[in-house]
Amino acid sequence: MPLSPDASTYAHFLFNAFDTDHNGSVSFEDFVMGLSILLRGTITEKLNWAFNLYDINKDGYITKEEMLDIMKAIYDMMGKCTYPVLKEETPHQHVEIFFQKMDKNKDGVVTIDEFIDCCQNDDNIMRSMHLFENVI
């Protein structure tokens, strides 16, 4: 079954996160390694994987533009299924909140160190990191 147009952008970002050698394909090994990290990895491994998902151009930084692209893709995929319906500016607001929390030195980008440090000190994020540990 083909993806709906609303899910295709986020699927593309996920594909790139699983394509660790950036060769344009996800081998079975790539998929199993990524799944293994998400299900059984340490908190640091999971956070590194998440950072890699958000770092679209793989330059070691999450920019507001990258985060906005991801947020728009998520809201495009989920927004029409929510009540009340999400407003157009919601992804922008999410990005601003993310950067206020994560960008500790206020240089306009989030590094892996800032990301991991902030996530490890956020109880909600830490709880969500354990959600899938007992699935398989």
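Here is a short chat about a predicted model, covering one helix, a pocket and a core.

Colleague: What distance separates the end C-alpha atoms of helix H5, and why is that expected?

Modeller: Helix H5 runs over residues 90-102, which makes 13 residues. At 1.5 Å a residue, H5 should span 18 Å, because the expected span counts one less than the number of residues. The model agrees, with its end C-alpha atoms apart by 18 Å.

Colleague: Which residues of H5 are buried?

Modeller: Buried here means under 20% relative accessible area. The cover over the buried residues of H5 includes strands S1 and S2 along with helices H4, H6 and H7. The buried residues of H5 are Thr 90, Pro 91, Val 95, Phe 98, Phe 99 and Met 102.

Colleague: Which helix gives the largest share of the lining of the largest pocket?

Modeller: This pocket has a volume of about 870 Å³. Among its 30 lining residues, Ala 50, Tyr 54, Ile 125, Ser 128 and Met 129 are the closest to its centre. The lining divides into 24 nonpolar, 3 polar and 3 charged residues. Its largest share, 6 residues, comes from H3.

Colleague: And which helix supplies the largest share of the largest nonpolar core?

Modeller: The core has 30 residues, and those touching the most other members are Leu 47, Ile 62, Met 67, Phe 98, Met 102 and Phe 115. H1, H3, H4, H5, H6 and H7 each supply at least two of the core residues. The largest share, 7 residues, comes from H3.

Colleague: Which residues does Phe 115 touch, leaving out those up to four places away in sequence?

Modeller: Phe 115 is one of the core residues that touch the most other members. Contact means heavy atoms within 4.5 Å. With that cut-off, Phe 115 touches Leu 47, Ala 50, Phe 51, Tyr 54, Ile 62, Phe 98, Met 102 and Val 110.

Conventions: Residues are numbered from 1 along each chain as its sequence is written. This is a predicted model: local features need pLDDT of at least 70, side-chain atom pairs count only at pLDDT 80 or more; totals for chains, interfaces and linings use all residues. Side-chain values use heavy atoms; hydrogens and water are left out. Helices (H or I, at least four residues) and strands (E, at least two) are DSSP runs, numbered from the N terminus. Buried means under 20% relative accessible area, exposed over 50%, partly exposed in between (1.4 Å probe, protein chains only). On a 1 Å grid over the protein atoms alone, a cavity is a set of points where a 1.4 Å probe fits but cannot get out, and a pocket is an open set with protein on both sides within 12 Å along at least five of seven lines; lining residues have an atom within 4 Å of a point. Grid points are joined across faces, edges and corners, and a volume is the space filled by probe spheres set on the points. Ala, Val, Leu, Ile, Met, Phe, Trp, Tyr, Cys and Pro count as nonpolar, Asp, Glu, Lys and Arg as charged, and the others, Gly among them, as polar. A nonpolar core is a set of buried Ala, Val, Leu, Ile, Met, Phe, Trp, Tyr and Cys residues joined through side-chain atoms within 4.5 Å.
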